[in-house]
Amino acid sequence: MTEQQGDLDLETSDVETEHGRELRTGDPALLRALAHPLRVEILSVIDELEEATATQIAERVGESPSNCSFHLRTLAKAGFIERAAAQGTSKPWRAVHHSRDLRPNPHDQDSIRTSAAIGALYVQHEANRMVDFLTVHGLGDEQWLPGTTINTSTFWATSDELAEVATEIAHLVDRFRGRKDPAHRPPGSRKAHLFATLNPDFDAPATPEEPDAG
């Protein structure tokens with residue numbers, strides 16, 4: 001599962017870039033800390049609000065502040081979030097990283113299984129968000145309708161070609177980086193969400209390899 005593509009690296013890395021800190025890890029222990037539907041939801045709320053208290057998060061996710069606090073501490077222990085500056089008596093949390101690349105170590109079955117479990121949670125989370133949008137807003141109004149799409153495709157590709165498509169998808173919105181700062185947002189812009197999935201179909205047989213010439 002990946003939130004942002006990068007070179008496949010077997011080790012955990014935490015680097016500072018011009019856009020902020022970027023995490024790359026396939027460590028099963030770190031991945032398991034996120035492998036819970038409420039933690040995925042909590043981290044998404046923090047990403048959206050940038051800073052949030054347990055009470056604010058609880059209101060968003062429909063859970064008790066005490067339950068949210070337990071999961072917040074788990075996320076903090078794993079290094080996904082940290083305490084922000086206190087605001088009076090409020091003690092908000094913030095994300096440590098601007099982006100997270102959680103693809104597994106391909107040589108570690110535990111890492112692969114845990115990354116797949118997190119991927120399934122994110123797919124469910126984003127699918128629920130899209131269903132809510134369509135239920136409440138339909139496909140938007142005349143101005144925004146052309147920018148709303150639900151698209152599925154079926155095609156044949158090699159593993160290398162599929163990897164190229166995955167990289168292209170990951171970089172589709174690079175041009176919008178930096179717009180977390182309101183000063184960099186063009187007039188009339190709205191927050192937008194991209195939800196894309198791509199996978200080989202292992203239930204269908206692969207095209208046979210060509211026999212060696214000789």
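1. Is R60 buried or exposed, or does R60 fall in between? With a relative accessibility of 44%, R60 counts as partly exposed. Here, buried means under 20% relative accessible area, exposed means over 50%, and partly exposed lies in between (1.4 Å probe, protein chains only).

2. On the basis of this note: the model is predicted, so local features need pLDDT of at least 70 and side-chain atom pairs count only at pLDDT 80 or more, while totals for chains, interfaces and linings use all residues. Residues are numbered from 1 along each chain as its sequence is written, and side-chain values use heavy atoms, with hydrogens and water left out.

3. The structure holds 10 salt bridges. A salt bridge is defined as a side-chain nitrogen of Lys or Arg within 4 Å of a carboxyl oxygen of Asp or Glu.

4. One of these pairs is E48 with R60, whose closest N and O atoms are 3.4 Å apart. Because E48 belongs to helix α2 (residues 37–49) and R60 to helix α3 (residues 54–61), the pair ties together parts that are 12 residues apart in sequence. Helices (H or I, at least four residues) and strands (E, at least two) are DSSP runs, numbered from the N terminus. E48 is partly exposed, its relative accessible area being 40%.

5. A salt bridge also joins R32 and D110, with the closest N and O atoms 2.8 Å apart. This pair links distant parts of the chain: R32 is in helix α1 (residues 28–34) and D110 in helix α5 (residues 109–137), 78 residues apart. R32 has a relative accessible area of 43% and is partly exposed; D110, at 27%, is partly exposed.

6. Strands are connected by a salt bridge between E82 and R94, where the closest N and O atoms are 3.0 Å apart. E82 lies in strand β4 (residues 81–83) and R94 in strand β5 (residues 93–95), so parts 12 residues apart in sequence are tied together. E82 counts as partly exposed at 29% relative accessibility, and R94 counts as partly exposed at 33%. Elsewhere, E22, D174 and R177 are joined into one network by salt bridges that share partners.

7. A negative surface patch is formed by D160, E161, E164 and E168. Such a patch takes residues with over 30% relative accessible area and no salt bridge, like charges being joined within 9 Å. Asp and Glu count as negative. Among the patch residues, E161 lies in helix α6 (residues 159–170) and counts as partly exposed at 40% relative accessibility.

Notes: Patch = residues over 30% accessible without salt bridge, like charges linked within 9 Å, V, L, I, M, F, W, Y side chains within 5 Å. Areas by Shrake-Rupley, 256 points an atom, 1.4 Å probe, with all protein chains shown as cover. Charge placed at Lys NZ, Arg CZ, Asp CG, Glu CD.
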